[in-house]
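The following exercises concern the overall build of a chain and the packing of one pair of its helices. Each task is followed by a worked solution.

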Amino acid sequence: MAWRAIEEARPGMMLEGDLVTPQGRRLLRAGASLTGSSLAKAVAAGVTRVDVRDDAPDASPEALAAARDLARRRFLLTNHRHSAVREAARAFVQVAAARHRPEELREMTGAYEPDPDLKVEASGPLDGAALVQGEVRLASLPAIFFEISEALGDPRSSSSYMADIISKDVAISARLLRMVNTPFYGFPGRIDSLSRAVTIIGVEQLVSLAQGISVITAFEGIPEDLLDLKSFWLHSIMCGTLARLLASHHGIANDERFFVAGLLHDIGRLVVLRNLPERALEPLQACRVKPQSVTQAEMEFWGTTHSEIGADLMRAWKLPQFLEHLLRYHHSPSVSPVMLESAIVHAADFMANALGTGRSGDLYVPRLDKAAWELLSVTPERFRRLALEAENQSHQIMEAFFDEA
C-alpha cells in the first residue's frame with residue numbers, strides 16, 4: 001500500500017483501495033488501473049490523494065540528478081526566483097526522472113551545449129504580410145468554416161441550423177463529437193449528435209471549437225522532417241487545455257475561445273515552415289549557438305515573430321479579433337489591449353513549455369511575465385492541480401483530434 005498525492009499519480013498505476021471523493025462517492029474499485037480520464041475526474045471531484053500499489057520504484061538518485069541538470073539548462077532564461085518558475089522546475093524534474101533513464105536525460109541535456117561548428121547567417125527580413133497572403137492562397141480553410149461564420153452573424157440562425165451546417169463536413173463533425181466525449185467536458189452520458197452537443201455546450205462554444213479544428217485541418221500534410229508535428233500539436237493542445245482551465249477558474253464565459261487560442265498560439269511557425277522551410281530553421285539553430293529565446297532569435301533573423309505572423313493570419317482569415325489579440329500578445333501580455341485574456345494564454349504557454357508536454361520548437365522555457373502571472377493568482381497547489389488535470393486531458397484530446405478511427 002502507498003498513499004500518493006493525486007498530482008503524483010499516473011495512468012497505469014493500480015489501486016490498492018477504492019478511489020473515493022471527499023463526499024464518499026466511489027469513482028473506481030480497488031484493483032482497477034488508473035486512467036487519464038479517472039485521474040481527471042478525481043481531480044475535479046477534489047480528491048487529494050490516492051491509494052496505489054507501490055510496485056514501481058521511485059526515480060533513482062542518478063535519474064533525479066540528471067533531471068535537475070537538464071532542468072537547469074531548460075530554465076536558463078527564466079526568472080529563477082519566481083515561485084511559479086521554481087514550482088514548474090520541481091514538477092519537471094519529478095516527471096522527467098520518472099519517465100526517462102539517466103542516460104536519456106544526459107542525452108537531452110547535450111542539446112544545450114553550444115555547437116561551435118554551427119554557422120547561422122541571416123538571409124534578410126521576412127515579409128510577414130506577403131507570407132500570410134501566400135499561406136491564405138496555399139491553405140484555404142474548409143468551405144464549412146465560412147458558412148459557420150456567416151451563420152453565426154445571423155440572429156435568425158438556430159442551434160439546429162448551426163448543427164446542420166457543421167454536419168456537412170464529416171471530418172470536422174467527427175472530431176468535434178470525439179472531443180466533446182472526452183473528460184475535457186466530463187458529461188455522464190455519450191453525446192452522439194451535433195444537435196445535442198450544441199444544446200449542451202452552446203452555439204458559440206461549439207463554433208469556437210469548429211473554427212480551431214478548421215485551422216488544424218488546413219495545416220495537415222506538412223512534412224515532419226523539420227518539426228515533430230505530433231509533439232507540436234500535443235504542446236498546443238496542452239496550452240489550450242491550460243488556458244481553458246485558467247479562464248474557467250476566473251469565471252470567464254465561453255472558455256472554449258481560450259482553448260482555441262492556446263491551440264493556435266504557435267501557428268505562425270507552421271506558416272513559415274510550409275512557405276519557407278529553410279528560413280524556419282534559422283531561429284532554432286541560433287538558439288543552439290547561444291542561449292536565447294526563439295522569439296529573440298526570430299526578431300534577429302526574420303525581423304518579425306511567429307506571434308505576429310500567426311495574428312496576421314487570423315486577421316487575413318477573418319477569425320475573431322479576440323484570437324488575433326491573444327496570438328499577437330501571448331509572449332507580451334502586459335502590452336496587450338486585453339491583458340487578462342492575454343495573460344491566460346501566456347501563463348498556459350509557460351506552463352506547457354515548463355512541464356515539457358510536447359514541444360513547439362522552443363529549446364528553452366520562455367520567460368514568465370511576472371505581472372501577468374500575478375494577475376491570475378495561481379497558488380503552488382493550484383499549479384499542481386492544473387498541471388495534472390491538463391496533462392491527463394491533453395492526451396485524451398490529442399486522440400480525439402488525430403485518431404481517425
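**Exercise 1: The chain as a whole**

Of the 405 residues in the chain of this predicted model, 53% count as buried.

Task: Determine whether the radius of gyration of the chain agrees or disagrees with that of a compact globule.

Solution. Step one is the reference value: for 405 residues, a compact globule would have a radius of gyration near 22 Å. Step two is the comparison: the chain has 21 Å, which agrees with that reference. Step three adds the extents, since the C-alpha trace spans about 60 × 60 × 40 Å along its principal axes. Step four turns to contacts: among those between residues at least 6 apart in sequence, 71% join residues at least 24 apart. The secondary structure comprises 20 helices and 4 strands.

**Exercise 2: Packing of H3 and H20**

Task: Classify the packing of helix H3 against helix H20 by angle, and state the handedness of their crossing.

Solution. Step one: H3 covers residues 83–99 and H20 covers residues 380–402, and the two pack at an angle of about 40° with their axes 10 Å apart. Step two: this angle makes H3 oblique to H20, because angles under 35 degrees would count as roughly parallel and those from 65 to 115 as roughly perpendicular. Step three: the crossing of H3 and H20 is right-handed.

Task: Which residues of H3 and H20 meet, and how do they divide by character?

Solution. From H3, the residues are Ala 84, Glu 87, Ala 88, Arg 90 and Arg 99; they meet Pro 380, Phe 383, Arg 384 and Glu 391 of H20. Sorted by character, the residues of this contact give 4 nonpolar, no polar and 5 charged.

How values were computed
Residues numbered from 1 in each chain as written. Predicted model: local features only at pLDDT ≥ 70, side-chain atom pairs only at ≥ 80, totals over all residues. Heavy atoms only, no water. Axes fitted to C-alpha atoms, helices over the stretch in contact; angles between N-to-C directions. Parallel < 35°, antiparallel > 145°, perpendicular 65-115°, else oblique. Left-handed = near helix turned anticlockwise from the far one by under 90°. Contact = heavy atoms within 4.5 Å. Nonpolar A, V, L, I, M, F, W, Y, C, P; charged D, E, K, R; others polar. Rg over C-alpha atoms; globule rule 2.2 N^0.38 Å. Buried < 20%, exposed > 50% of the residue type's maximum accessible area, 1.4 Å probe, protein only.
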